[in-house]
Amino acid sequence: MSTGQLFSRTTQALFYNYKQLPIQRMLDFDFLCGRELPSVAGIINPGAEGFQKLFFGQEEIAIPVHSTVEAACAAHPTADVFINFASFRSAAASSMAALKQPTVRVVAIIAEGVPEADTKQLIAYARANNKVVIGPATVGGIQAGAFKIGDTAGTIDNIIACKLYRPGSVGFVSKSGGMSNELYNTIARVTDGIYEGIAIGGDVFPGSTLSDHVLRFNNIPQVKMMVVLGELGGRDEYSLVEALKQGKVNKPVVAWVSGTCATLFKSEVQFGHAGAKSGGEMESAQAKNQALKDAGAVVPTSYESFETAIKETFEKLVEEGKTTPVKEFTPPQIPEDLNIAIKSGKVRAPTHIISTISDDRGEEPCYAGVPMSSIVEQGYGVGDVISLLWFKRSLPRYCTHFIEICIMLCADHGPCVSGAHNSIVTARAGKDLVSSLVSGLLTIGPRFGGAIDDAARYFKDAYDRGLTPYEFVEDMKKKGIRVPGIGHRIKRGDNRDKRVELLQRFARTHFPSVKYMEYAVQVETYTLSKANNLVLNVDGAIGSLFLDLLAGSGMFTKPEIDEIVGIGYLNGLFVLARSIGLIGHTFDQKRLKQPLYRHPWEDVLYTK
């Protein structure tokens with residue numbers, strides 16, 4: 001920790017327990033400082049996943065939301081700061097989870113009242129693993145012009161007033177977050193401003209101490225002097241006294257310990273923070289101020305004189321040529337939020353849809369980042385387009401060819417199946433193409449098309465659990481569920497479905513692995529021993545082989561495969577393929593100018 005800077009203009013953080021306002025304040029600070037990347041890489045909200053929309057200047061951005069610390073750290077390996085807005089009840093556990101992640105370097109704990117035993121464990125673990133804890137009971141910290149934690153420094157107006165949008169020359173550390181804001185303003189008035197400010201937190205056992213940060217500031221070339229604001233209670237200031245006496249600090253330190261008025265009270269007084277409670281003469285503000293002064297720090301006679309001491313120390317550095325005041329500039333204007341802008345007539349409107357698969361805002365549309373011209377020039381097929389728009393990646397050619405084969409084989413199964421029949425009847429009723437298509441698509445479900453999804457789910461579950469074909473089939477029988485993907489109205493064990501054979505031949509030739517398909521074949525062998533029509537049908541073949549495509553390609557993680565199967569991608573494949581046939585039947589009926597369909601009486605059993 002003593003080696004120097006904790007943050008920079010490229011620092012990114014993970015924010016635990018979604019709080020809209022402090023995150024937006026961080027992003028507004030980023031924009032004010034001219035950062036290229038938002039400082040919040042991801043949000044951790046237990047039990048939730050997806051995206052959270054926020055503003056980065058005028059631009060609305062989607063920040064990923066993760067349900068666990070582990071998932072967030074894996075997704076954002078460069079985010080090394082963990083900002084914990086959990087309550088005091090769960091702050092310790094979530095902070096420890098973060099500290100145990102190799103990517104996390106700094107943990108800021110905002111909660112007040114974290115159990116002291118838990119805090120000690122966090123501190124011990126952090127020190128043993130060369131990590132930094134700021135807090136508990138802290139507003140965090142700020143590196144001017146670079147990065148800030150949560151609500152540090154308050155509103156944008158206050159940040160601008162305190163010149164925190166650009167780095168100054170002063171390192172500041174305090175126990176109090178509220179007093180930090182006051183001192184940021186004070187320092188901005190009499191110096192060129194803060195370079196970095198840290199509020200270590202007001203609990204009895206802070207994760208990092210005043211002296212930790214002073215020693216760190218001493219090793220930062222841009223920091224020319226340090227300002228320290230302590231308070232009565234505890235003995236943290238004495239570690240700074242020892243560092244000063246031992247010559248570990250070679251830059252001016254201006255310090256004040258608040259709470260000198262405690263001597264005016266007849267009984268012991270606690271000033272707000274858990275740690276601000278005098279436990280003896282050495283823990284009094286007077287004793288600490290005297291010790292700091294004796295060790296070489298600049299200590300005023302009262303808090304009212306603190307500003308003057310800071311001003312004189314800085315001016316002396318300038319006169320000696322040890323620092324040159326930072327040149328001032330005008331920061332950019334932060335767009336007003338909607339509720340404020342409505343009153344002032346300035347509005348930034350939020351979006352209502354998030355899209356991650358295509359973008360038509362540039363010179364040409366893109367599918368998953370691939371320009372349309374590249375798709376055409378590189379000879380991409382329908383399968384390649386599906387891989388980009390459905391899976392958000394370019395799959396190997398054998399995968400996209402397999403997708404195309406499935407579409408061709410499933411495009412139409414004749415005019416008598418329920419979907420085609422519905423489209424034909426609707427078309428003959430004079431309805432338009434879309435109505436006719438939709439009437440056919442609405443029949444797709446567990447008994448028509450949906451078996452592909454169910455076959456994939458059940459075969460995957462059985463194989464992954466290591467069930468034998470006998471155990472799988474008999475277990476389904478006990479549950480009263482027919483095995484999806486098994487059985488055909490016409491095909492038999494001695495008259496196999498040619499489509500199934502084509503798919504199996506292609507997969508055995510091109511797929512790296514066909515473990516799920518072979519399992520489905522073993523299930524078929526067992527079911528055929530029961531009845532000759534219990535063959536593996538095209539739904540079962542496609543469902544099992546799609547599992548092999550996902551697992552064997554090496555381009556999908558296990559959670560991604562589970563999600564693809566769970567969402568219903570395979571049903572989507574059947575819907576896409578069958579739409580071709582349904583459109584064909586619609587055009588066929590209109591081309592033939594077929595009249596309104598009426599079902600024949602002789603095909604209806606009229607009974608009481």
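When I speak of a contact today, I mean that heavy atoms of two residues come within 4.5 Å of each other. Please keep in mind throughout that what we are looking at is a predicted model.

Let me start with Glu524, which has its place in helix α20, a helix that covers residues 515–528. If we leave aside residues up to four places away in sequence, Glu524 touches Ile486, Arg496, Leu534, Val535 and Leu536. Is Glu524 buried or exposed? Its relative accessibility is 5%, and because buried means under 20%, Glu524 counts as buried.

One of those partners, Ile486, brings us to the largest pocket, since Ile486 is listed together with Arg447, Gly487, His488 and Asn537 as the closest to the pocket's centre, out of 37 lining residues. The volume of this largest pocket is about 1300 Å³. Four helices, namely α17 (451–464), α18 (469–478), α21 (538–552) and α23 (569–591), each supply at least two residues of its lining, and α18 gives the most, with four residues. By class, the lining of the largest pocket divides into 16 nonpolar, nine polar and twelve charged residues.

I turn now to the second largest pocket, whose volume is about 820 Å³. Of the 24 residues that line it, Glu49, His66, Lys392, Glu560 and Glu563 are the closest to its centre. Here strands and helices both take part, with β3 (50–56), β4 (59–66), α2 (69–75), α13 (382–391) and α22 (558–567) each supplying at least two lining residues. Which element gives the most to this lining? That is α22, with four residues. The lining of the second largest pocket has 13 nonpolar, six polar and five charged residues.

To relate this pocket to where we began, take Glu49 and Glu524, which are 475 residues apart along the chain, and whose C-alpha atoms are separated by 39 Å.

My last stop is Thr191, which lies in the loop between α6 (177–190) and β11 (194–199). Thr191 counts as buried, because its relative accessibility is 8% and the cut-off for that word is under 20%. The side chain of Thr191 reaches the backbone on two sides of its own position in the sequence: the backbone oxygen of Ile187 at 2.7 Å, and the backbone nitrogen of Gly193 at 2.9 Å. Beyond residues up to four places away in sequence, Thr191 also touches Val170, Ile310 and Phe314.

Conventions
Residues are numbered from 1 along each chain as its sequence is written. This is a predicted model: local features need pLDDT of at least 70, side-chain atom pairs count only at pLDDT 80 or more; totals for chains, interfaces and linings use all residues. Side-chain values use heavy atoms; hydrogens and water are left out. On a 1 Å grid over the protein atoms alone, a cavity is a set of points where a 1.4 Å probe fits but cannot get out, and a pocket is an open set with protein on both sides within 12 Å along at least five of seven lines; lining residues have an atom within 4 Å of a point. Grid points are joined across faces, edges and corners, and a volume is the space filled by probe spheres set on the points. Ala, Val, Leu, Ile, Met, Phe, Trp, Tyr, Cys and Pro count as nonpolar, Asp, Glu, Lys and Arg as charged, and the others, Gly among them, as polar. Buried means under 20% relative accessible area, exposed over 50%, partly exposed in between (1.4 Å probe, protein chains only). A polar contact is a pair of N or O atoms within 3.5 Å; within protein, one must be able to donate a hydrogen and the other to accept it, and residues adjacent in sequence count only if both atoms are side-chain atoms.
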